[in-house]
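Subject: Structure handover

Hello,

Here is the structure I promised to pass on. Please open it alongside this note; my findings follow below.

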Amino acid sequence: MSRLVTGAAIHYKDRWGVVTGASSGLGRGLAARLAARGMSLVLTGRNQARLDEAAQEIRRASPQVTVETVAADLAAPGGVSTLLAHVGDRPIEVLVNNAGFGSYGPFADADPGREADEVAVDVSAVVALARAFLPGMLERHSGGILNVASTIAFQPAPYQAVYAASKAFVLSFSQALWAEARAHGVTVTALCPGPTRTGFVDALRADVGHTVIYRRLADPEPVIEAGLQGLEEGRAVVIPGIRMRLIAESGRFLPREWLVRVSARLLGPARVSPRPPIVVHNEAVVPAPAERVFDLLSDVGRWPSWYRACRWVRVESTDGAGRPASFRWKAHPVELHSTVVAAERPHSFAIVADGRGVHAERVFRLRPTPDGLRTIVVSHETQVGPMPWLGRFVLAPRLFRTNRAMFEDLTRAASPGEAMPAAAARAFGRDELAHP
Ligand SMILES: NC(=O)c1ccc[n+]([C@@H]2O[C@H](COP(=O)([O-])OP(=O)(O)OC[C@H]3O[C@@H](n4cnc5c(N)ncnc54)[C@H](OP(=O)(O)O)[C@@H]3O)[C@@H](O)[C@H]2O)c1
């Protein structure tokens, strides 16, 4: 049992809860936590197989509770009725209105059917289910509703206009119900997560990786924990995470037009005219055969042993011959995800790297000197990213110096035991800012 600040309580043991959107993500996690507190559950979603899987997992972890599933499409006529018919007249102590999805793109291009479904699931079903279960809670002076809204509810969101408006509805609706219900010892909480790692981003059916907002996704566990804690404490609104709280609350102090313009920047599509890339070119003569130099460059798992700017490398996949194909690594101070896009021993080695909004492509070309004892290595790197102009002028020379230092390290690693020959250390090159 959990006591609310309003004076009443939510009872879990031997009581029933309903969780919508329980087949994945936050809903599935919330259901598992309620069951762990002793609550029996009706789980709903459209995908029966995933609901069954979630129910089985919950039964295994919390064998003392009963878990039922009912497949219902909350966007379809009759979807809400199917769920209500399944629940029947049993008293519901906790309702988690979690099912929901969003879309992304200019409103004028949106699929009207999908937008209507979005409003049906994100808004209409929330209202219908609250209307169905709240009166019983008020009568019993016990229970609560957790409505999953979003931090997007705090400002209009260009390119997610319908989704943001729907979640603003859920936020406003929840706060109003909270004030009506609290005198009866019942609570209504709006959980407002920021972007979180669940099925949500895939369900947007659009590439949003370029947006500032969706670039970084939070872990679902703290969101789930904060939601249930907020419900138990009788809070009207819960925004998990201090960063999200700041972002959500800071909008209050901005003029409305500014707020929506900032929102448009954070959610906007990639700019039509991207900033010109930074191009950095380095060359060096390394005193070792091309095969040796190629092996050092392509054995990325061993980069930290000779490449001073590389803190660590985690190889994530290999090619048919067991050579690294994709890897995560830290090139001070940025964590990058890289893919080997070409590796032709001993002539060329090319990788692409992505991290913190930066996309870099780097090609190494290797040419043996006529005696075969040394190798001329040419590195060509281009970077595109969100750097403002001033940053680019600072970044390009820095990148050039970092790459030159890599060549010094490569030279040292390629000729172990030898002091670095003066000729070899003569890594030379130029950096430039390319203008398209
Ligand atoms: N993840 C985020 O970044 C984020 C941020 C803020 C708010 N939220 C909100 O959090 C809630 C949960 O989403 P999630 O992040 O856990 O995403 P998710 O993993 O995609 O889960 C969404 C759930 O909603 C259900 N659902 C979708 N359409 C439905 C329909 N027509 N009828 C019935 N159920 C439907 C899905 O079940 P089926 O596929 O089985 O139908 C699924 O169980 C949503 O309300 C979402 O708007 C998410």
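Start with one residue pair: Val19 has Leu43 in β4 as its bridge partner. Elements here are DSSP runs numbered from the N terminus, with helices being H or I of at least four residues and strands being E of at least two.

Two notes on the source. Residues are numbered from 1 along each chain as its sequence is written. The model is predicted, so local features need pLDDT of at least 70 and side-chain atom pairs count only at pLDDT 80 or more, while totals for chains, interfaces and linings use all residues.

**Strand β3 and its sheet**

Val19 belongs to β3, residues 16–20. Five bridges join β3 to β4 (residues 40–45), and the two run parallel. Gly17 also has a partner in β4, namely Leu41. Strands count as paired if DSSP finds at least two bridges between them. β3 is joined to β6 (residues 92–97) as well, by four bridges and again in parallel. There, Trp16 stands opposite Ile92.

β3 is mostly covered: five of its five residues are buried. Buried means 20 or more other C-beta atoms within 10 Å of the residue's own; exposed means 12 or fewer; partly exposed lies in between; C-beta atoms are placed from the backbone. Side chains in a regular strand alternate between the two faces of the sheet. In β3, Trp16, Val18 and Thr20 point one way, and Gly17 and Val19 point the other.

The sheet is open and has seven strands, in the order β5-β4-β3-β6-β7-β8-β9, with parallel pairing. Its edge strands are β5 (67–71) and β9 (237–238), each of which pairs on one side only.

β3, α1 and β4 make a right-handed β-α-β unit. Right-handed means that, with the strands pointing away from the viewer, the path from the first strand over the helix to the second runs clockwise.

**Around the ligand**

The ligand is surrounded by 28 residues, and the closest are Gly21, Gly25, Gly45, Gly100 and Gly199. A residue is near the ligand if its C-beta atom, placed from the backbone, lies within 6 Å of it. α1 (25–36) and α6 (200–203) are the elements that give two or more residues to this shell. The largest share, three residues, comes from α1. By type, the shell divides into 11 nonpolar, 14 polar and three charged residues. Nonpolar covers Ala, Val, Leu, Ile, Met, Phe, Trp, Tyr, Cys and Pro; charged covers Asp, Glu, Lys and Arg; the others, Gly among them, are polar.

**Helix α5**

α5 covers residues 161–181. Its 21 residues should span 30 Å at 1.5 Å a residue, and its end C-alpha atoms are 30 Å apart, which agrees. The expected span is 1.5 Å times one less than the number of residues. Its buried residues include Tyr163, Lys167, Leu171 and Trp178. Seen down the axis, the buried residues fall within an arc of 160°, so they line one face of the helix. That arc is taken from the directions from the helix axis to the C-beta atoms. On the other side, Ala176 and Ala179 are exposed.

**Two hairpins**

β14 (residues 348–355) and β15 (residues 358–368) pair in the antiparallel sense over eight bridges. Ile351 has Arg362 in β15 as its partner. Two residues lie between these strands, and Arg356 takes a positive phi near 45°.

β15 also pairs with β16 (residues 375–384), antiparallel, over 10 bridges. Pro368 has Thr375 in β16 as its partner. This hairpin has six residues between its strands, and Gly372 in the turn has a positive phi of about 75°.

Best wishes
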